[in-house]
Amino acid sequence: MPFIRFNLILLLLNLAVYGLCQPPEQYAYTHYKLSDGLASNVVNNMVQDESGFLWLATNNGLQRYDGNNFITINSDTGDVAGLPSDEVTEVYLDKRGNLWVATADNKVGIFNTHTFRYTEVPIKQWSREKVHVDKLFIETADNRLLLQFRKSNKLFQYDTHAHAFVPSTYFPFVNSRKINYIVYDQWRQRFICSTDSGLLVYNPKTSVAAYDDHNPEGDPLITQYKGERFFNYLYMDAAHRLFAEQWLPNNTHPSLHLFDFKTGVQKKYDLQKEYGLSYHQIKGFLQQRSGKLWIFGLPFLARYTGSTEPFSFLKKDYNKEQEPKFNIVYSLFEDRQHNIWVCSDNGVYQFNPDAQLFHNYTLTTPKRFTVEGRSQSLFQWPNGELWVGYRDLGIFCYDRHMLPLPLPASLASLREGKSVWDMHLHSKTGKLWIALRGGQLIIYDTTTKKAQLLAPEPMAQRAITQIIEDNQGNLWLGTQGGNLVKWDYAAAGKNIAAGFSLVKKWGVIEKLFTDKSGYVWVAAEAEGLLKIDPQTNKVVGQINAASPAGYALWNNNPKDMLQYNDSLLVVASGALNIINLNTLRVQHISRYDGLPSNTVQSVVKDASGMLWLGTLNGLCRTDIAKHTFTTYDQRDGLMNESFNVAGAHNLSNGRLLFMTAESFLIFDPSFILRKDSFNTPFITDFKLMNCPLLVDSLLRLKKIKLDYNGTNMMIEFSALNYNKLAKLDYYYQLQNFDTAWIKSDDRHQAIYTYLPPGNYRFKVKTKNIEGIFSPAITYFYISVNPPFWKTWWFYSAIIVSIGLVLYLLDRERMKRLATLHNMRLNIASELHQDVSSTLNNINMLSQIAKLKAEKDIVRSKELIDEISGKSYDMIVSMDDILWSIDPNNDTMEKTLLRILELANTLETASGASIDMVVHEKVKDLRLDMKVRHDFFLVCKEALQYLAQYSSNKNIMVDIDLVRTKIVVKILSVGSETEEGILQMQELHKNLTEQARAMQAHLNFEMGKRDTSIVLTIPVK
């Protein structure tokens, strides 16, 4: 989520005696506005529930904030859980955890933070007014919840059984007085009320009310303010001090009274007269748990210190981006991490005075009140005093509390356009060397407090950028012109102006450094890194970008360096370069490894061994052992993200100081390692197919079940940690889908467009700045239902269906086999009967013919002819049967061909003319063997009878398929003889029996001129 951070000037003291101002400390502000997700820039107040979510009352609905996103609840008429009005005037969290919501239409209700349902709580015996009335929720020691209508005599109490507010007489005087405000004095266990007629103190134990001319218990507050009228807002702080706003009818502004119950001291403040505050209203107070007390209203925000300057107003300047911009502060709220949230007419501002890591300091002139100059150098004295050197502004001095100190008189000239590039205290002489531009030096004697100005010739009138000291007490100076100059302590003797000599000339010298072995290292522009032997003044080594691979710098423009340990030298040269002093191998740490940019300008090591890098894109904390990087920018409180070359310094108390383009900042690096228990991630939002679902309801399920075609989901998570310096990283994994943990980006969300059917577990955890993961891992289960064709029951049904089909096929196969077997048995039985009958006849005829052979030759010949005919008929019958059971003849087409062959044979034998027409549909029929055999026999017998016995030999045959029946039509044209009629009758009889056996229908008509046979055979 994009945020705009602002730095707020907290303290600005004009010190005319020193000519310039103390550098004011800056606070880091986070500004939330419409573009960040706020429903309205007008935010009335906010609370934090027990889970850690923030709830905001805005003019455009109720909002929940989780540190990542805003969720808005409004008066959508289509939503049964909607609010009665979009304009939410107040939210209040009672002791039971109920979130009360008051809206501009004078309705109040409870909003369930888990189910997101709003339930109105009616106010009995009150006619709702058309104009909004400010309300005050009050909880008593006996757990009553009261609702007081401000500036009226209306008081109600919440009835849990009736779920309504009913009129209350908890304050017996309520019907006779209009109460403006009520606070509870927990020390004295009394209620203090403000009215237009003065203050009133009520003792609920004795039911005694004390006011102006009625003070039976001698209440000191009533005594002190007897006769005072028109009190409005009240506040009791932790020191038992009452703040009371009073606005007299004839005054154009209010006054503020303070009464200290412990000391009896009374004070009165007039903010207009004392601070020049024009028209203003006091909206309220907030006291942090740390004790800091804030006052706010129209159009101001200030801290009450109680000192000689009791109010410290936060500066507002609409022309400066670093400062907040609002006309009115409606309320302040402190969350569980001590962040202060400023609810205003310009959105919400968040800052944390107690968790301010970076303390920014700028320098301004009283003439122009603008940032003047650039801090370039630093020297810290043993007593903690800081001397800061600026470009064009000289030196400014500060004590250990960053309060300004006077500059020694002998250095006063440094305020007159001098640029101080570096400062070094010489260990042998105790004198402070101050490097200036133009090749000048100021030598300040700390004993005599006198200063001497030098302009050594080897400096060539170029700015002196660096001063260091070697192990022999010699000083090494580098210039902007690239001159490396040595001041020889022994050669100079007592003449400090002597002993200067030019050692070498390179590019601009950015940094000089003496390592633990006594060598002098020079960071020179375009030359890289040079190693100097201070004894011989010779260059004994050089490392630059042209060095062999594995031994080269990232680039040839080193900016800063330090010795990390006995064997490692850290060099800022574009990226970070780690040089092994023993092998001279160089390791690069760049943007590809996690640096914010390859523009490292300065580097310093803190007490824990962490490196802090100042870049042109912010500050970076680096653990070179673990390769972890944490970046800081304006969102974290940096007033300027562009850091100076070699501008990082260690202070004596463990703090670090960095210099930037227009300020310097001081911070304690150990501050970020404070234990923060708010690191357990929460699931804050769950969108399925881009539709938000209630997270609490989902997480109560053992498993979230999704359909296979609806798995596009977005999961958002947050630790509800509003401390920006926590720098938590989020890692998530969907088990059975993601192979490893995935680091989330700043949006803190996981998106899955498709999940195959299966069971999953979504997990999320956090990692802090030290690389330690949260002990608790948040997780929930997801089950994606497969499509019905991939379910076990569908597979089971398929298997059962296949088994059933196979069973039915097998049963049909067995049935066909049984049918075929029975058919063959029938055919065999018929064949056996025919053969047996024929053979018996042949045998009997043979015996008769044998007996008649000698006596009756003619009869014997007749018998032999009969034997021959029967033998032929048996052969033909056997041939027909054997042909039918031959598998090669299992087609209708073969059967029709055999009928055609029969017709041809009959034409040849009898001289008949047989004309056959077979339709194509019949040829494609697939009939079982029995039907084909019977069909063939019927056709054969009919044709044989007609060809042999009909007097007319013209026979027409038509075989067709009509729906599911074979229709055989046979027509013999011509009149029949008497013998032919007898044979036709015999044929009719035979065909009738066969048709009955085949379950066919026979129509046999024999007329005077033709014989017609129509046989309809059903087929399957």
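A salt bridge is a side-chain nitrogen of Lys or Arg within 4 Å of a carboxyl oxygen of Asp or Glu. I wrote that down before anything else, and I also noted that I am working with a predicted model.

**Entry on salt bridges**

I looked up D636 and K727, whose side chains meet in a salt bridge at 2.9 Å, N to O. D636 lies in the loop between strand 54 and strand 55 (643-650), while K727 lies in the loop between strand 61 (713-718) and strand 62 (729-735), so the pair ties together parts that are 91 residues apart in sequence. I then checked how far each partner is covered: D636 is buried, with a relative accessible area of 7%, whereas K727 counts as partly exposed at 22%. The cut-off matters for this step, because buried means under 20% relative accessible area.

I turned next to R289 and found that it forms a salt bridge with E334, with 3.9 Å between the closest N and O atoms. This pair also links distant parts of the chain, since R289 sits in the loop between strand 23 (281-287) and strand 24 (293-298) and E334 sits in strand 27 (residues 329-334), 45 residues apart. E334 has a relative accessibility of 9%, and it therefore counts as buried.

My third pair was R188 and D185, whose side chains meet in a salt bridge at 2.7 Å, N to O, and both of these residues are buried. I noted as well that salt bridges with shared partners join D185, R188 and D219 into one network. A search of the whole structure finds 19 salt bridges. As a general reminder to myself, side chains of opposite charge can pair when their charged atoms come close.

**Entry on the nonpolar cores**

Which residues touch the most other members of the largest nonpolar core? I found that they are F171, I192, L221 and F285, in a core of 47 residues. Strand 19 (residues 231-236) gives the most to this core, with 5 residues. I followed I192 further and, leaving aside residues up to four places away in sequence, I listed among its contacts Y181, V183, L200, L221, L234 and F261. D185, which I had already met in the salt bridge with R188, is also touched by I192. There is a second, separate core of 40 residues, which includes F935, F936, I955 and A1000.

**Entry on one sheet**

I traced an open sheet of 4 strands, which run in the order 51-52-53-54 with antiparallel pairing. Strand 51 (600-605) and strand 54 (628-632) stand at the edges with a single partner strand each, so one side of each has no neighbour in the sheet. Neighbouring strands here are turned by 20° against each other on average, direction ignored. Between strand 52 (residues 611-615) and strand 53 (residues 618-623) I counted 5 bridges in the antiparallel sense, and the bridge partner of G614 is L619 in strand 53.

**Entry on backbone angles**

Most residues other than glycine have a negative phi, and most peptide bonds are trans. With that in mind I looked up the exceptions below.

- A cis peptide bond joins L298 and P299, with omega about -5°, and P299 is placed in the loop between strand 24 and strand 25 (301-304).
- L584 has a positive phi near 65°; this residue lies in the loop between strand 49 (575-580) and strand 50 (586-589) and is partly exposed, at 35% relative accessible area.
- A646 has a positive phi near 50°; this residue is in strand 55 and, at 9% relative accessibility, counts as buried.

Definitions and conventions: Residues are numbered from 1 along each chain as its sequence is written. This is a predicted model: local features need pLDDT of at least 70, side-chain atom pairs count only at pLDDT 80 or more; totals for chains, interfaces and linings use all residues. Side-chain values use heavy atoms; hydrogens and water are left out. A nonpolar core is a set of buried Ala, Val, Leu, Ile, Met, Phe, Trp, Tyr and Cys residues joined through side-chain atoms within 4.5 Å. Buried means under 20% relative accessible area, exposed over 50%, partly exposed in between (1.4 Å probe, protein chains only). Helices (H or I, at least four residues) and strands (E, at least two) are DSSP runs, numbered from the N terminus. Contact means heavy atoms within 4.5 Å. Two strands pair if DSSP finds at least two bridges between them. Axes are lines fitted to C-alpha atoms, for helices over the stretch in contact, and angles run from 0 to 180 degrees between N-to-C directions.
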